[in-house]
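Thanks for making the time; I would like to walk through one model this morning, going strand by strand and then on to the rings and the empty space. Please have the structure open while I talk.

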Amino acid sequence: TVYQASTSVVRLAWQPFADVEEEGSAVHSTGVTHYQITIGSSSPGETDVLGPTTVGIATGQVMTGLSLLQGHTYYATVTAFDFVGHSTQSSAKFTVDASPPVIGRIWIWSPEATSLPAATAGTTT
């Protein structure tokens with residue numbers, strides 16, 4: 001799982017999709033006319049967080065102004081469209097982790113001691 005700290009920004013990047021023609025199976029990237037991004041909370045292709053957003057033929061985009069929740073998993077989906085309207089999509093999931101680790105306890109003791117002393121509460125810095 002991929003984790004990210006931001007609850008309002010998602011940075012996406014992807015490899016260019018290839019458009020394979022039926023005749024001769026020639027692969028070229030010029031058949032892709034544009035990409036569309038969606039972000040959903042339940043499954044790939046869902047649009048409840050970010051509806052379909054066209055980004056041209058760029059292979060990366062920063063999506064801002066989102067309302068993502070701590071601890072929730074989301075699915076970013078990129079859909080490529082070709083000149084005749086065919087489409088294909090690929091998705092990646094990520095989880096928001098915007099909270100720091102919980103403070104632990106610190107023990108200070110000498111190597112000669114036979115047991116650990118009572119714990120001293122840690123403090124944040």
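In the hairpin of S8 and S9, where 4 residues sit between the strands, Gly85 takes a positive phi near 95 degrees. Before going further I should say that this is a predicted model, in which local features need pLDDT of at least 70 and side-chain atom pairs count only at pLDDT 80 or more, while totals for chains, interfaces and linings use all residues. Residues are numbered from 1 along each chain as its sequence is written, and side-chain values use heavy atoms, with hydrogens and water left out.

The two arms of that hairpin, S8 (residues 73-82) and S9 (87-96), run antiparallel and are joined by 9 bridges, where two strands are said to pair if DSSP finds at least two bridges between them. Strands here are DSSP runs of E with at least two residues, helices are runs of H or I with at least four residues, and both are numbered from the N terminus. Within this hairpin, Thr79 stands opposite Gln89 in S9.

How many helices and strands does the chain have? The secondary structure comes to 0 helices and 11 strands.

Let me turn to the sheet that holds the hairpin, which is an open sheet of 5 strands in the order S1-S9-S8-S5-S6, with mixed pairing. Its edge strands are S1 (2-4) and S6, each of which pairs on one side only. Neighbouring strands of this sheet are turned by 30 degrees against each other on average, direction ignored, with the axes taken as lines fitted to C-alpha atoms and angles running from 0 to 180 degrees between N-to-C directions.

S5 (residues 32-40) is joined to S8 by 8 bridges, and these two strands run antiparallel. Along that border His34 stands opposite Phe81 in S8, Ile37 stands opposite Val78, and Ile39 has Ala76 as its bridge partner in S8. S5 also pairs with S6 (residues 50-54), again in the antiparallel sense, over 3 bridges, and there Ile39 stands opposite Leu50. As a general reminder, in a regular strand the side chains alternate between the two faces of the sheet.

Is S8 largely enclosed or largely open? Of its 10 residues, 9 are buried, so S8 is largely enclosed by the rest of the structure; buried means under 20% relative accessible area, exposed means over 50%, and partly exposed is in between, with a 1.4 Å probe and protein chains only. For the chain of 125 residues, buried residues make up 25%.

Two partly exposed residues deserve a mention, starting with Ser87 in S9, which has 47% relative accessibility and therefore counts as partly exposed. Ser87 and Tyr35 are 52 residues apart in sequence, and their C-alpha atoms are 9.3 Å apart in space. The other is Leu69, in the loop between S7 (60-63) and S8, which also counts as partly exposed at 47% relative accessibility. The C-alpha atoms of Leu69 and Ser6 are separated by 9.4 Å, although these residues lie 63 apart along the chain.

Now to the rings. Rings of Phe, Tyr and Trp (its six-membered ring) pair if their centres lie within 6.5 Å, and planes under 30 degrees apart count as stacked, over 60 as edge-to-face and the rest as tilted. By this rule the count comes to 3 aromatic pairs. One of them, Phe17 with Tyr35, is edge-to-face, at 5.3 Å centre to centre and 70 degrees between the planes. Because Phe17 lies in the loop between S2 (10-13) and S3 (19-20) while Tyr35 is in S5, the pair ties together parts that are 18 residues apart in sequence. Both Phe17 and Tyr35 are buried, and together with Trp14 they form one aromatic cluster.

Finally, the empty space. A pocket, on a 1 Å grid over the protein atoms alone, is an open set of points where a 1.4 Å probe fits, with protein on both sides within 12 Å along at least five of seven lines, and lining residues have an atom within 4 Å of a point. The largest pocket holds about 270 Å³ of space, its volume being the space filled by probe spheres set on the points, which are joined across faces, edges and corners. It is lined by 17 residues, and the closest to its centre are Leu12, Ala13, Ala76, Ser91 and Ala92. S1, S2, S8 and S9 each supply at least two residues of this lining, and S9 gives the most, with 5 residues.
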